[in-house]
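Work through the exercises below with the model open. Try each task before you read its solution.

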Amino acid sequence: MSDSTFKRFVEVGRVVLLKSGPYAGKIAVIAEIIDHNRAIIDGPTTSVPRQSYPYKHLTLTPLALTKLPRGSRSGTIKKQLEKEGTVTKWNNSEWAKKRAAVEKRRGLNDFARFSVMLEKKRRRDGVRKAVKTLKA
């Protein structure tokens with residue numbers, strides 16, 4: 001039997017990113033698997049209530065809680081999240097940082113976008129001049 005190319009599996013304790021609904025963009029933990037289409041998720045530290053959620057609206061992250069029993073209640077999940085520091089691991093991940101940067105960029109007004117454009121021009125000009133001096 002060859003090794004699978006898949007590394008993230010739907011399992012109890014898997015940290016998931018919600019793609020749609022009122023809690024889109026927040027993370028939660030799979031507490032129980034209902035069937036092949038849905039799971040019960042819970043996010044006690046991210047204010048996501050315990051609820052049934054379809055897999056097609058979840059994105060599996062590489063993070064998972066170790067030894068979380070099936071059907072764990074919110075208190076147990078919260079203790080495990082705090083013990084393993086999963087939320088801080090997520091916030092320090094490149095994926096979360098990139099999502100935060102995109103959200104910050106979406107929230108800019110017209111003048112802020114113009115300022116960003118000018119800063120990018122300045123940086124690009126500085127790099128161009130530095131490369132030119134190195135070539136010479």
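**Exercise 1. A serine in a loop**

Which backbone oxygen does the side chain of Ser72 reach?

Solution. This is a predicted model: local features need pLDDT of at least 70, side-chain atom pairs count only at pLDDT 80 or more, and totals for chains, interfaces and linings use all residues. Residues are numbered from 1 along each chain as its sequence is written, and side-chain values use heavy atoms, with hydrogens and water left out.

Step 1. Find Ser72 in the loop between strand 5 (58-64) and helix 1. Helices (H or I, at least four residues) and strands (E, at least two) are DSSP runs, numbered from the N terminus.

Step 2. Follow the side chain of Ser72. It reaches the backbone oxygen of Pro69 at 2.6 Å.

Step 3. Check the burial of Ser72. Its relative accessibility is 5%, so Ser72 counts as buried. Buried means under 20% relative accessible area, exposed over 50%, and partly exposed in between (1.4 Å probe, protein chains only).

Step 4. List the contacts (heavy atoms within 4.5 Å). Leaving out residues up to four places away in sequence, Ser72 touches Ala31, Arg50 and Ile77.

**Exercise 2. A glutamate in a strand**

Determine whether Glu32 is buried or exposed, and find its side-chain partner.

Solution. Step 1. Glu32 lies in strand 2.

Step 2. Glu32 has a relative accessible area of 18%, so this residue is buried.

Step 3. The side chain of Glu32 makes a polar contact with the side chain of Arg70, at 2.4 Å. A polar contact is a pair of N or O atoms within 3.5 Å; within protein, one must be able to donate a hydrogen and the other to accept it, and residues adjacent in sequence count only if both atoms are side-chain atoms.

Step 4. Residues up to four places away in sequence are not counted here. Glu32 then touches Val12, Ala39, Ile40, Arg70 and Gly71.

**Exercise 3. The nonpolar cores**

Find which residues of the largest nonpolar core touch the most other members.

Solution. Step 1. Recall the background. In soluble globular proteins, nonpolar side chains tend to be buried together.

Step 2. Apply the rule. A nonpolar core is a set of buried Ala, Val, Leu, Ile, Met, Phe, Trp, Tyr and Cys residues joined through side-chain atoms within 4.5 Å.

Step 3. The largest core has 13 residues, and Val29, Leu65, Leu68, Ile77 and Trp90 touch the most other members. Strand 1 (14-18), strand 2 (27-33) and helix 1 (74-84) each supply at least two residues of this core. Strand 2 gives the most, with three residues.

Step 4. Look around Val29. Neighbours within four places in sequence aside, its contacts include Ile40, Leu65, Leu68, Ile77 and Leu81.

Step 5. Now find the second core. It is separate and has ten residues, among them Leu18, Ile30, Ile41 and Tyr53.

**Exercise 4. The two sides of a helix**

Sort residues of helix 1 into buried and exposed.

Solution. Step 1. Ile77, Gln80, Leu81 and Glu84 are buried in helix 1. They cover an arc of only 100° around the axis, so they are on the same side of helix 1. The arc is that of the directions from the helix axis to the C-beta atoms.

Step 2. Recall the geometry. An α-helix has 3.6 residues a turn, so residues three or four places apart point the same way.

Step 3. Turn to the other side of helix 1. Lys79, Glu82 and Lys83 are exposed there.

Step 4. See what covers the buried residues of helix 1. The cover includes strand 2, strand 3 (38-43), strand 4 (48-54), strand 5 and helix 2 (86-92).

Step 5. Gly85 follows helix 1, and its phi is positive, near 65°.

**Exercise 5. Positive phi outside glycine**

Compare the settings of Ser47 and Lys67.

Solution. Step 1. Ser47 has a positive phi near 60°. Ser47 sits in the loop between strand 3 and strand 4. Ser47 counts as partly exposed, at 47% relative accessibility.

Step 2. Lys67 has a positive phi near 55°. Its loop runs between strand 5 and helix 1. Lys67 counts as exposed, at 82% relative accessibility.
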